[in-house]
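The following paragraphs offer a guided reading of a single structure. Please keep the sequence and the coordinates in view while following the text.

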Amino acid sequence: MINKIMTIIITGGAGFIGSNFVFHMLKKYPDYRIICLDKLTYAGNLSTLAPVMENSNFRFVKADICDREAVYKLFEEENPDIVVNFAAESHVDRSIEDPGIFLQTNIMGTATLMNACRKYGIVRYHQVSTDEVYGDLPLDRPDLFFTEETPIHTSSPYSSSKAAADLLVLAYHRTYGLPVTISRCSNNYGPYHFPEKLIPLMIANALNDKPLPVYGEGLNVRDWLYVEDHCKAIDLIIHNGKIGEVYNIGGHNEMKNIDIVKIICKALGKLESLITYVSDRKGHDMRYAIDPTKIYNELGWRPETMFKDGIHKTIQWYLDNKEWWETIISGEYQNYYDKMYDI
Ligand code: NAD
Ligand code: TDX
């Protein structure tokens, strides 16, 4: 178990889950030094980190995880104990449009970080992965779940790039003895979720009385987890998880897309007539469902936020923080939206 004062590099900490993790760690471990390394792509937002910028135990560094020189320089300056890699291109639809940057960031970036870890020495490299590496499950087999033993079987360029990174992480452990762990989580929701993803997109569109674009028939199932619960799981893994192991994270909270959209309409007092069925995503995974038995048995983790509470907290956050997402959707993101959604 690791329990001394730590220096931790959190990559991708200006994005959705990474920023929530930065807040969680600074609050829970006020003695730790937390360094956020982020390229600030379209998905990274420095204003998200404004509440912690003045914290003397926090440092923000704008850099690309693929930039060997910048990464090595940071390791020399900070001598980190732990690296938690959230940095990634994370949107499936963008990976279908243009896979190249996904291969670069998600695979080569991971390799660059691990090469730095090998050169300078660390006690833990943690890779934040996804349940999408397991592919999908059929809708008519509710008895099936992804376990850590489920074979990798990817569908999209995004999930393939994440799976490639996972294999590389395990190879660095076996070949070089790098002390690694991997977590594979289901769909997250909560504050600071970029409005290209299902839940924040539907909240923002509903508030603006715009059509709510549901792919196909809206029957695809995702296993939703409140982002804070994901952060707590990663905290447990980096401190107490076994080196070389993979941990699945999920809350047994499967929902059909269409039901999520209807919940959002109801909570915001909007008519379901805003729902607009659009062309399906290419290669669209039907169902994700995580079996979290291992992380519960080994580390005692279980989700704390029920979906009915988490979704209302999330909707309230988007109502209270309109400036955050309105700034995003009024900028470059609008071009992406116009290109992807013909409605
Ligand atoms: P996000 O897109 O909101 O944030 C990604 C962050 O990484 C951004 O701040 C971006 O600027 C940064 N980044 C991108 N490329 C970079 C580069 N080359 N160098 C440095 N920084 C770079 O993503 P998210 O939803 O917060 O996901 C974080 C991680 O969790 C990803 O690895 C993703 O695969 C994984 N994950 C996400 C979910 C989910 O539901 N969102 C579920 C499971 C796993
Ligand atoms: O406009 C939309 N309409 C729609 O019906 C969008 C953006 C999505 N969808 C559907 C597609 C999916 O079935 O909603 C579901 C969720 O879509 P996303 O929010 O894009 O998430 P998903 O593709 O499931 O991937 C997410 O979870 C796993 C994250 O984006 C990944 O980074 C993570 O690894």
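At 16% relative accessibility, N253 counts as buried, because the cut-off for that class is under 20% relative accessible area. The model under discussion is a predicted one. N253 is placed in the loop that runs between β11 (246–249) and β12 (254–256). When residues up to four places away in sequence are set aside, N253 touches R222, D223, W224 and F307.

The loop between β11 and β12 also holds H252. With a relative accessible area of 48%, H252 is classed as partly exposed. The backbone of H252 deserves attention as well: its phi is positive, at about 50 degrees, although the residue is not a glycine. Most residues other than glycine have a negative phi. D209 offers a further case, with a positive phi of about 55 degrees although D209 is not a glycine either. D209 is located in the loop between α6 and β8.

Those two elements lead to the interior of the model. In soluble globular proteins, nonpolar side chains tend to be buried together. Here, the largest nonpolar core comprises 37 residues, of which I199, I203, L212, I264 and Y333 touch the most other members. At least two residues of this core come from each of α6 (198–207), β8 (212–215), α8 (257–267), α10 (307–320), α11 (322–329) and α12 (333–340). The element that gives the most is α6, with seven residues. What is L212 in contact with, leaving aside its neighbours within four places in sequence? The residues in contact with L212 are M202, N205, A206, V261, C265, L274, I275 and T276. Apart from the largest core lies another, of 35 residues, which includes M6, V52, I82 and I249.

A contrasting environment is found at G269, in the loop between α8 and β13 (275–278). G269 counts as exposed, with a relative accessibility of 65%. Along the chain G269 and A206 are 63 residues apart, and their C-alpha atoms are separated by 9.2 Å.

Attention may now turn to G12, which occupies the loop between β1 (7–11) and α1. Is G12 buried or exposed? At 10% relative accessibility, G12 counts as buried. Beyond the residues up to four places away in sequence, G12 touches G18, S19, L37, D38, F86 and A87. G12 and A88 are 76 residues apart in sequence, yet 7.0 Å separates them in space, C-alpha to C-alpha.

Some of the residues that G12 touches, D38 and F86 among them, recur in the description of ligand 1. This ligand is surrounded by 28 residues, the closest being I17, D38, S90, Y158 and K162. Several polar atom pairs can be listed around ligand 1. The side chain of S90 places an N or O atom 2.7 Å from an oxygen atom of ligand 1. From the backbone, an N or O atom of F86 lies 3.1 Å from an oxygen atom of the ligand, and an N or O atom of K39 lies 3.0 Å from a nitrogen atom of ligand 1. Taken alone, ligand 1 exposes 840 Å², and the protein buries 97% of that area. Two or more residues of the surrounding shell are given by each of α1 (16–28), β5 (124–130) and α5 (157–176); β5 gives the most, with three residues. By class, the shell around ligand 1 divides into 13 nonpolar, eleven polar and four charged residues.

Ligand 2 can be read in a similar manner. Of the 20 residues around ligand 2, those that come nearest are E132, Y158, R281, H284 and Y341. Y158 is also listed among the closest residues to ligand 1. Polar side-chain atoms of E132 and R281 lie 2.7 Å and 2.6 Å, respectively, from an oxygen atom of ligand 2. An N or O atom in the side chain of H284 is 2.7 Å from an oxygen atom of ligand 2. Taken alone, ligand 2 exposes 660 Å², of which the protein buries 94%. β8 gives the most to the shell around ligand 2, with three residues, and β8 also supplies at least two residues of the largest nonpolar core. The shell around ligand 2 divides into eight nonpolar, seven polar and five charged residues.

Terms used
Residues are numbered from 1 along each chain as its sequence is written. Chains are lettered from A and ligands numbered from 1 in the order in which they are written. This is a predicted model: local features need pLDDT of at least 70, side-chain atom pairs count only at pLDDT 80 or more; totals for chains, interfaces and linings use all residues. Side-chain values use heavy atoms; hydrogens and water are left out. A residue is near a molecule or strand if one of its heavy atoms lies within 4 Å of it. A polar contact is a pair of N or O atoms within 3.5 Å; within protein, one must be able to donate a hydrogen and the other to accept it, and residues adjacent in sequence count only if both atoms are side-chain atoms. Accessible areas come from the Shrake-Rupley method with a 1.4 Å probe; for residues, only the protein chains shown count as cover. Helices (H or I, at least four residues) and strands (E, at least two) are DSSP runs, numbered from the N terminus. Ala, Val, Leu, Ile, Met, Phe, Trp, Tyr, Cys and Pro count as nonpolar, Asp, Glu, Lys and Arg as charged, and the others, Gly among them, as polar. A nonpolar core is a set of buried Ala, Val, Leu, Ile, Met, Phe, Trp, Tyr and Cys residues joined through side-chain atoms within 4.5 Å. Buried means under 20% relative accessible area, exposed over 50%, partly exposed in between (1.4 Å probe, protein chains only). Contact means heavy atoms within 4.5 Å.
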